[in-house]
Amino acid sequence: MHRLQNNIAIVVGAGQTPGATVGNGRATAITFAREGATVLLADRDLASAEETRAAIEGEGGRASSIEVDITREDDCRRLVATCLERYGRIDVLHNNVGIGAHDAGVTGTEVEHFERIFRVNLEGPLLTCKHALPAMRAEGGGVITNVSSIASVAAATGLVAYKTSKAALNALTQTLALANARYGIRANAILPGLINTPMAIEGISAARGVDREQLIAQRDRQVPLGKMGTAWDVAAAALFLASDEAKFITGVLLAVDGGQSARIG
Ligand SMILES: NC(=O)c1ccc[n+]([C@@H]2O[C@H](COP(=O)([O-])OP(=O)(O)OC[C@H]3O[C@@H](n4cnc5c(N)ncnc54)[C@H](O)[C@@H]3O)[C@@H](O)[C@H]2O)c1
């Protein structure tokens with residue numbers, strides 16, 4: 001049985017950082033399509049979104065791409081209008097985009113980088129929701145899933161903008177859930193832990209000048225289940241939250257972290 005049969009899903013950040021493994025947004029878009037959804041693939045990097053489209057169509061799925069920068073309100077407005085023009089409605093809005101570049105802690109972070117991280121990680125999802133919600137309300141329901149991070153609740157030494165923007169995204173998610181429950185719209189957040197994606201591995205090894213294999217081993221050791229997760233683990237959680245199996249779940253911050261957050265108690 002296809003769990004998203006006949007659904008129209010927008011995945012924002014459906015391309016990915018280049019690298020050896022699949023990214024969270026791409027894996028989620030592919031998973032949604034495998035479960036019967038038609039997926040609108042939004043990304044600032046159109047070529048990368050097109051690679052995701054090729055992967056989906058190569059498996060017989062349905063998808064199209066659109067170039068969108070979620071820090072621009074006009075782009076978010078156009079994203080929703082395009083989805084309605086192409087497909088007539090929006091069932092799922094999956095906000096995957098998140099960045100952390102140049103986050104150097106309280107004393108080291110430049111204001112321009114702090115502001116950029118907040119614009120992408122918090123204001124971007126706010127704007128996509130702002131423009132998708134009227135359509136979802138008119139349709140009588142919908143699902144919003146925001147990709148946060150375990151860093152929002154756990155120790156994240158040296159990070160300030162990333163951690164606080166994701167904590168604010170959690171709060172935004174709960175606000176969305178409560179304000180839209182009466183319209184049949186659910187809103188949840190996924191809090192990935194240490195995931196073996198190019199954004200994390202290639203990104204951090206380049207930024208910190210750490211050997212890739214050493215970084216992988218170091219991250220694996222921090223996970224109670226013994227190994228980092230993959231983007232497919234995040235995608236599986238996204239599929240569950242988007243599906244009717246989660247029809248009584250809203251306002252939840254779902255950790256997908258191999259047990260890391262259980263250490264908080
Ligand atoms: N990998 C991990 O270990 C980990 C852990 C915790 C949370 N996360 C979260 O997972 C999400 C990203 O995962 P991913 O693997 O898909 O990352 P990714 O970097 O591979 O993909 C993100 C995509 O977002 C796009 N993007 C960036 N800025 C944009 C903008 N302003 N407008 C539109 N598109 C934009 C990029 O072009 C890219 O294709 C983020 O929210 C991140 O915080 C990841």
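# Exercises on a Predicted Model

Asp75 has its place in helix H3, which covers residues 73–87. The model is predicted.

**Exercise 1.** Determine whether Asp75 is buried or exposed, and state which residues Asp75 contacts outside its sequence neighbourhood.

*Solution.* Step one: the relative accessible area of Asp75 is 11%. Step two: a residue counts as buried under 20%. Asp75 is therefore buried. Step three: once neighbours within four places in sequence are left aside, Asp75 is in contact with Val68 and Asp69.

**Exercise 2.** Describe the surroundings of Cys83, a residue found in helix H3.

*Solution.* Step one: Cys83 has a relative accessible area of 0%, so this residue is buried. Step two: not counting residues up to four places away in sequence, Cys83 touches Ile8, Ile10, Leu40, Gly88, Arg89 and Ile90. Step three: strand E1 comprises residues 8–12, and strand E2 comprises residues 38–43. Among the residues touched by Cys83 are thus members of both strands, namely Ile8 and Ile10 of E1 and Leu40 of E2. Step four: Cys83 and Leu191 lie 108 residues apart in sequence, and their C-alpha atoms are 27 Å apart in space.

**Exercise 3.** Establish how strand E2 is covered and how E2 is joined to strand E1.

*Solution.* Step one: six of the six residues of E2 are buried. Step two: in a regular strand, side chains alternate between the two faces of the sheet. Step three: one side of E2 carries Thr38, Leu40 and Ala42, the other carries Val39, Leu41 and Asp43, and all are buried, leaving both faces covered. Step four: E1 and E2 run parallel and are joined by five bridges. Val12 has Ala42 of E2 as its bridge partner.

**Exercise 4.** Compare the span of helix H6 with its expected value, and identify what its buried residues pack against.

*Solution.* Step one: H6 has 20 residues, 161–180, and reaches 28 Å from its first C-alpha to its last. Step two: this is close to the 28 Å expected at 1.5 Å a residue. Step three: the buried residues of H6 include Ala161, Ser165, Leu169, Leu172 and Leu176. Step four: the buried residues pack against helix H5 (111–139) and against strands E5 (142–147), E6 (185–192) and E7 (253–256).

**Exercise 5.** Characterise the second largest pocket by its volume and lining.

*Solution.* Step one: the second largest pocket holds about 210 Å³ of space. Step two: 13 residues line this pocket, and Asn7, Val143, Arg186, Ala242 and Asp244 lie nearest its centre. Step three: by class, the lining has four nonpolar, four polar and five charged residues.

Key:
Residues are numbered from 1 along each chain as its sequence is written. This is a predicted model: local features need pLDDT of at least 70, side-chain atom pairs count only at pLDDT 80 or more; totals for chains, interfaces and linings use all residues. Side-chain values use heavy atoms; hydrogens and water are left out. On a 1 Å grid over the protein atoms alone, a cavity is a set of points where a 1.4 Å probe fits but cannot get out, and a pocket is an open set with protein on both sides within 12 Å along at least five of seven lines; lining residues have an atom within 4 Å of a point. Grid points are joined across faces, edges and corners, and a volume is the space filled by probe spheres set on the points. Ala, Val, Leu, Ile, Met, Phe, Trp, Tyr, Cys and Pro count as nonpolar, Asp, Glu, Lys and Arg as charged, and the others, Gly among them, as polar. Helices (H or I, at least four residues) and strands (E, at least two) are DSSP runs, numbered from the N terminus. The expected span of a helix is 1.5 Å times one less than its number of residues. Buried means under 20% relative accessible area, exposed over 50%, partly exposed in between (1.4 Å probe, protein chains only). Contact means heavy atoms within 4.5 Å. Two strands pair if DSSP finds at least two bridges between them.
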